[in-house]
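Work through the following exercises with the structure open beside you, and try each task before reading its solution.

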Amino acid sequence: MTSSISVYAGKTAMAEIKSNGLSSQQVKVMAGASGGPKWFTLFGLDKYIFGEFFKNRQQTLHTIGSSAGSWRLSCLAQKDPVSAIKRLAELYSNERYTDKPTVHEISDKADDLLKKVLADNGAKEIAENPIIQSHFIVARAKGLATSENRVLQMLGLIGAASSNALSRRLLDWSFQRFIFCSRLNNDANSYFDYADKATQYRALTKDNVHQVLMASGAIPMVLRGVKDIPEGDQGIYRDGGIIDYHLDINFGDQGLILYPHFFPTIKPGWFDKSLSYRRANPMNFDRAVVITPSHQHVSQLPFAKISDRNDFSQLETEQRIEYWQTVLKESEKMADDFSLLVEKGIGIENIEPIENAIG
């Protein structure tokens, strides 16, 4: 039977699922990658996971995301997560701009959109959620990457990309990872402990949720950086996906990691997208369950692809919006097939090794 989802699992996760099936009680972490409108293909899946899979959860769930992943997971931590994710999808998929939008126009519209997604109490609900511990990744810029002058910022990005091509560690010259965490303990330690590069942990509070989320999605050259986030160090913060694009990070050694993803490719950082030699570490995904749209599902979408940020420039506004609504509607099929796997075990035999998704 043709399925709309492909599922990949690490060695430990695979053994666990084949022995005991997949249930929400096994999941300790949920991850969300950067990707902008690529997320629309996961909308139906998110609604099912937020509204059914984690319904009435009592044990702590640690979520971690960057950029669009942070925005999605901020919905999960609100009191009515399904309504929140619906607001995000509706507002984002129907966004309109002038013919040649400036950084300021795009930033102002994103700021207004986020205010509507958070509504009156969303920031407080996220920061004080007793079950969901949120971790939102942002990148604190250094040097020329801090500038809002397009020429200087571009020079800073070229320098960062060049350094990164030599070594991921050299990216620290241009960007530093900050993780804003709800319910951060007195030792300023989060559930996650990252030794791969310098990482600063800061408290996520009702007074900085909006700024943190804006920073986490502040794509260089597209949106303004966010200055001096409360609880953080002074400086300019940009998109968390610059450092952690597809979250090639140590998720910990407890429980399973649920990771809905756009496609079966995992790249560590934003600058790694075109680097064929820069691949994710399979050991980081030993406990991961990665769920993606199947090739068959994608082939049946308009243009035989999932939505992405290029659609803004390559499609007319009405055509883009119509196409995105189709992607959102078709995403319900992924929810249906994932629910069959969870509730009836249908498709467990088709789960593939995570190495097939590292690409």
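In these exercises, a contact means that heavy atoms lie within 4.5 Å. The model is a predicted one.

**Exercise 1.** Determine what covers the buried residues of α11.

Solution. Begin with the residues themselves, taking buried to mean under 20% relative accessible area: in α11 these are Arg320, Ile321, Tyr323, Trp324, Val327, Leu328 and Glu330. Then look for what lies against them, and the cover is found to include α2 (43–53), α4 (81–93), α9 (295–299), α10 (311–314) and α12 (332–344).

**Exercise 2.** Check whether the end-to-end distance of helix α11 agrees with its number of residues.

Solution. Helix α11 runs over residues 317–330, which makes 14 residues. At 1.5 Å a residue, the helix should therefore span 20 Å. Its end C-alpha atoms are 20 Å apart, so the expected span and the computed distance agree.

**Exercise 3.** Assess how compact the protein is for its length.

Solution. Note to begin with that the protein contains 13 helices and 11 strands. Its radius of gyration is 19 Å, close to the 21 Å that the globule rule gives for 359 residues, and the protein is therefore as compact as a globular protein of that length. Along the principal axes, the C-alpha trace spans about 55 × 50 × 45 Å. Of the 359 residues, 59% count as buried. Finally, among contacts between residues at least 6 apart in sequence, 77% join residues at least 24 apart.

Key:
Residues are numbered from 1 along each chain as its sequence is written. This is a predicted model: local features need pLDDT of at least 70, side-chain atom pairs count only at pLDDT 80 or more; totals for chains, interfaces and linings use all residues. Side-chain values use heavy atoms; hydrogens and water are left out. Helices (H or I, at least four residues) and strands (E, at least two) are DSSP runs, numbered from the N terminus. The expected span of a helix is 1.5 Å times one less than its number of residues. Buried means under 20% relative accessible area, exposed over 50%, partly exposed in between (1.4 Å probe, protein chains only). The radius of gyration is taken over C-alpha atoms; the globule rule is 2.2 Å times the number of residues to the power 0.38.
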